[in-house]
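Reader: I'm new to this and I'd like to learn how to read a structure. Could you walk me through a few features?

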Amino acid sequence: LPLALCLTLVKRGVSPDDARAYLAPALRDLLPDPLSLKDMGAAAARFLDAVKTRQTIAIFADYDVDGGSSAALLIVWLRAMGHDATLYIPDRIDEGYGPNIPAMQALAAKNRLIICVDCGTLSHEPIDAAVKNGADVIVLDHHLGAETLPPAQAIVNPNRQDEDGSLGHLCAASVVFLMLVEANRQLRAEGVQGPDLMALLDLVALATVADVAPLIGVNRALVRQGLKVMARRERVGLRALADIARMDTAPTCYSLGFLLGPRVNAGGRIGAADLGARLLCCEDEAEAKALAQRLDELNTERRDIEMRVRDQALAQAEARGLDAPLVWAAGEGWHPGVVGIVASRLKEATNRPAVVIGLDGGIGKGSGRSVSGVDLGAAVHRLAAEGLLLKGGGHRMAAGLTVEDGKLTAAMDRLSDLLARQGAGAGGPADLKLDGLLMPSAADRALVENLEEAGPYGASAPAPRFAFAAMAVHARRIGESHLRLSFGDGVGPKLDAVAFGAFDTPLGSALLEAGHQRFHLAGRLELNQWNGSTKVQLRLEDAARA
């Protein structure tokens, strides 16, 4: 194997004996037995009973990509079995995250079975209300569980307190997929052929990448196979969304995370909460195009709102200090649909866990994002248990919370203390970890294709980053903040590069004025397809004068 690929595999702890299997992850080898998760057998059996006896089914889903994909998985599977389901996604502003008592009571009045996806593990009172109104409830989730569970028929969650955590990296859509695997298995035992599950993997891949689930273990195989399914462009809604996002190449993790995912999310953030899920399970071409167009418009609106909130939050966080264990900001009227994205921006800028809160009428609703090695979800859950939050939960890398304005400062101080005990704030800026040094001439198409064999790349499995020595840099500005450049080492051919958002930092100006100064450049290699031709380019991340 090429040396650069060998270095990449070594960094991921892959032994020579395991290299071939790692480069070709097979779902049949990596997919866990669904019954290894508690309550799975009961969940699948109750689900199939509802299908066989034609009971009414409602799906209560979270408003993000993982929730929408999870709901779409169930709806598409049920349609293939000749069964419809009611979709319910709560409004982010009016109802907040997860099941609420009025919604669950209303669903229970008309449905025998309610399936909560990507939510529900902490929803004791709403689920109790549904049960008392005559409905059975199944929870398919991945958020951190408490010591006690709601009174549901089954709660399938790899992050329950009584699970061993070996599958804790699964997103909710993967948990739903595993239940459908078990449902098909139970059908086969009765001599019935269930729907094609492999055709559903595009939805699982989208959810896994958009929810920033670690691309390790079975997640690698799910995403890799899902990208192949998506490339066939058979799902009407995803095809319409890819076209509106001007995706003219085969789907990659980048396109799922930065082109498709944000658009699916846009409905839940600032529009109608169910738009994304409806698009993902849509079968009508005209309806899909209309939904995709609306989501694209909402995504543009979301970006404008996000930029305004980001600037205010960053200024507030800087005034408070960016070297604390927790970076946080809160503002009156900040749209709750963008606080999570802004928290991500603060986290990336400071290498600290970050929380951003929008205040409205004395109540703050916020989102937090964490850094590697710091469990934000557990800390937020503890704050809720201590009474400093009205509501709070999540997982290691992301959390949501609701807090009274009067308790805001005390809650953030306590959260900062809990995170400091985990080591948050102990380090400086994030290290730029390199996988090797390359000459520009070595960065050819064959190398990039070899490196892609070790993918897909994403959370917990970043694409390899290489450094290059540049004798001369020729750069030009693109739009407001981007930079395109070419560079060489004076020996071989030059290599093209692009730096997105370069002028949001000192990087853009430094390279625009580089001329014949010598630079060390660092970034990730990719194939850029344009006007029918394919060229290697460097996705530039940083530079330093040599």
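Author: Let's start with empty space. The second largest pocket holds about 340 Å³. This is a predicted model, where local features need pLDDT of at least 70 and side-chain atom pairs count only at pLDDT 80 or more, while totals for chains, interfaces and linings use all residues. Residues are numbered from 1 along each chain as its sequence is written, and side-chain values use heavy atoms, with hydrogens and water left out.

Reader: How do you find a pocket?

Author: Rolling a probe the size of a water molecule over the atoms shows where empty space is left. On a 1 Å grid over the protein atoms alone, a pocket is an open set of points where a 1.4 Å probe fits, with protein on both sides within 12 Å along at least five of seven lines; lining residues have an atom within 4 Å of a point. Points are joined across faces, edges and corners, and the volume is the space filled by probe spheres set on them.

Reader: Which residues lie nearest the centre of the second largest pocket?

Author: Asp202, Arg233, Glu234, Arg235 and Leu238 do, out of 23 lining residues. Helix H11 (236–244) and helix H10 (218–231) are the elements that give two or more residues to this lining, and H11 has the largest share, with 4 residues. Helices here are DSSP runs (H or I, at least four residues), as are strands (E, at least two), numbered from the N terminus.

Reader: Is helix H9 largely enclosed or open?

Author: Check burial: buried means under 20% relative accessible area, exposed over 50%, and partly exposed in between (1.4 Å probe, protein chains only). In H9 (residues 201–210), 9 of the 10 residues are buried, so the helix is largely enclosed by the rest of the structure. Among them are Asp202, Leu203 and Thr208. Just after H9, Val212 takes a positive phi of about 55°.

Reader: Where else should I look at backbone angles?

Author: Try the loop between helix H18 (445–452) and strand S12 (466–470), the place of Pro456. A cis peptide bond joins Gly455 and Pro456, with omega about 5°. Ser460 is in the loop between H18 and S12 too, and its phi is near 65°, a positive value in a residue other than glycine. Ser460 counts as exposed, at 56% relative accessibility.

Reader: And where is Arg54 found?

Author: Arg54 is in the loop between helix H4 (40–52) and strand S1 (57–61). Phi of Arg54 is near 55°, again positive in a residue other than glycine.
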